[in-house]
Amino acid sequence: MLSPEYLSLIEFNDVVKIYNKLNIEIMSDIIKRVSQMQDITETTKKQLEILKQTNGIEIFNETLEKTSMLTAETKKALKDLFNDMAEEDIQGYKELYQYRNKPFKLSENQYKILNQGLKQTNRLLKNMTNTIAFQSKQAYVEAIDKAYMEVVSGAFDYATAINSTCQELADKGITLKDKLGRNVQLEVAVRRNVLSGIQNTANNINREIEDYLGCDGYEVTAHIGARPTHAEAQGKQYAINHNTKISKQYPLWSDVSSLWEEYNCRHTYFGIILGISEPVYEKDELKEMKNATVTLNGKEVPYYEATQKQRQIENEIRKKKRAIQTLEKANKDVTISKSQLAQIQKKYKNFCKETGLEKDYSRIKITK
């Protein structure tokens with residue numbers, strides 16, 4: 001089975017790092033183009049449109065090429081992730097394999113499911129190529145428009161407008177739309193696609209294993225800080241149906257199954273044999289997870305609420321670190337950005353100290 005701890009451990013994986021580097025490289029190139037512009041006040045609207053069109057096409061094509069060149073590297077990193085996932089996942093079924101006196105290994109069909117999931121996830125990332133290229137072009141066009149309007153309106157002088165625009169480009173990076181239509185960082189979009197692919201593939205393999213082992217129930221993984229509706233149902237055992245006397249002693253799986261399909265959920269579930277499989281968690285443990293609180297701003301708040309706040313601050317740190325690397329690569333001044341980063345890091349330190357939550361260094365690290 002894939003525990004929430006395992007999913008958290010692989011969240012910032014090699015595939016995410018590959019695309020994070022791509023983000024920095026593309027945005028630094030765009031910033032260089034913006035910085036090298038002649039004084040906007042001397043540029044007519046017609047000349048500006050020609051500039052945007054010419055550079056926009058170049059940026060689109062260059063981004064397509066850069067993204068396409070990542071194919072082999074991305075595929076290898078994905079393959080390593082999926083193979084590791086399969087090894088981790090099957091461990092949760094070891095005792096049931098022994099109970100059924102079956103050889104403890106993935107079957108040929110289960111390997112096919114693994115490869116199908118790998119190909120599907122790789123295809124999803126490939127399909128993002130055009131979107132990344134278009135968003136890169138759009139970022140440049142919008143930046144030029146913004147700088148032009150600030151200068152011709154008299155709001156800023158040329159140098160101030162350009163510097164402000166470059167800073168904004170570095171801070172924003174490449175953004176894509178998520179399933180809910182919200183703008184998210186390229187890193188976030190890639191991370192969610194990879195984790196979703198891993199979870200879906202694990203679930204498909206598990207259904208095959210469960211059929212092979214004759215499982216008649218499911219157990220859901222559990223973790224502290226789950227969203228309230230999930231905390232109520234996590235960690236428990238459920239019957240697939242109530243066709244037998246023993247199955248009627250368990251709640252029905254259909255009553256909670258939709259919970260684990262909710263957006264960005266990290267829970268997984270695995271097959272059990274009712275009356276044979278011992279629960280992973282005791283009732284007291286689940287109650288403690290559900291009712292966990294921390295102190296924040298002098299008040300007791302739910303653990304879940306605190307972790308959401310922690311993730312927000314960690315995201316701010318990652319974004320600012322990425323912005324600094326982008327500006328440095330574009331040979332721009334990073335004094336302001338480094339000062340801003342220091343302030344956010346101080347906020348993070350104080351937050352973790354007050355709440356007692358541990359710093360998650362994997363979530364605040366940007367690999368160069």
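Which residues in helix 6 meet which residues in helix 9? Let's work up to that pair of helices, keeping in mind that what you're looking at is a predicted model.

Start with helix 2, which runs over residues 14-35. Just ahead of that stretch sits Asn13, and Asn13 caps the N-terminal end of helix 2. You can see how in the model: a side-chain oxygen of Asn13 lies 3.0 Å from the backbone nitrogen of Val15. Now check the length of the helix. Helix 2 has 22 residues, and at 1.5 Å a residue they should span 32 Å. The end C-alpha atoms of helix 2 are in fact 32 Å apart, so the expected span and the model agree.

Helix 2 has a partner. Helix 3 covers residues 45-68, and the two pack at an angle of about 160° with their axes 11 Å apart. That angle is why helix 2 counts as roughly antiparallel to helix 3. If you look at how they pass each other, the crossing is right-handed. On the helix 2 side, the residues that meet helix 3 are Leu22, Glu25, Ile26, Asp29, Ile30 and Arg33. Try reading the numbers in that list with one idea in mind: an α-helix has 3.6 residues a turn, so residues three or four places apart point the same way. Across from them in helix 3 are Asn55, Glu58, Ile59, Glu62, Thr63, Lys66 and Thr67.

Next, move along to helix 7 (residues 129-152) and helix 8 (residues 158-172), whose axes come within 9 Å and cross at roughly 150°. Because an angle over 145 degrees counts as roughly antiparallel, helix 7 and helix 8 are roughly antiparallel to each other. Helix 7 also passes helix 8 in a right-handed crossing. Several residues make the contact, including Ala139, Ala143 and Ala147 of helix 7 and Ala161, Ile162 and Leu169 of helix 8.

Now back to the opening puzzle. Helix 6 takes in residues 108-127, and its axis comes within 9 Å of the axis of helix 9, crossing at roughly 160°. Helix 6 and helix 9 are therefore roughly antiparallel to each other, and their crossing is right-handed. So who meets whom? From helix 6 come Asn109, Gln110, Ile113, Leu114, Gly117, Thr121, Leu124 and Leu125. From helix 9 come Val190, Asn193, Val194, Gly197, Thr201, Asn204, Ile205, Glu208 and Ile209.

Let's turn to the strands. Three of them form an open sheet in the order 4-3-5, with antiparallel pairing. The edges are strand 4 (237-239) and strand 5 (269-272), and each of these pairs on one side only. On average, neighbouring strands here are turned by 30° against each other, direction ignored. Helix 9 (residues 186-213) shows up again, packing on the sheet and touching strand 3 and strand 5. The direction of helix 9 makes about 5° with that of strand 5. Inside the sheet, strand 3 (residues 217-220) pairs with strand 4 over three bridges, and one of the matched pairs is Gly217 with Ala239.

Finally, find strand 6 (residues 293-296) and strand 7 (residues 299-302), which run antiparallel and are joined by four bridges. Thr293 has Pro302 as its bridge partner in strand 7. The two strands form a hairpin with two residues between them, and Asn297 in the turn has a positive phi of about 55°.

Methods: Residues numbered from 1 in each chain as written. Predicted model: local features only at pLDDT ≥ 70, side-chain atom pairs only at ≥ 80, totals over all residues. Heavy atoms only, no water. Expected span 1.5 Å × (residues − 1). Polar contact = N/O pair within 3.5 Å; in protein donor to acceptor, adjacent residues only side chain to side chain. Pairing = 2+ DSSP bridges. Axes fitted to C-alpha atoms, helices over the stretch in contact; angles between N-to-C directions. Contact = heavy atoms within 4.5 Å. Parallel < 35°, antiparallel > 145°, perpendicular 65-115°, else oblique. Left-handed = near helix turned anticlockwise from the far one by under 90°.
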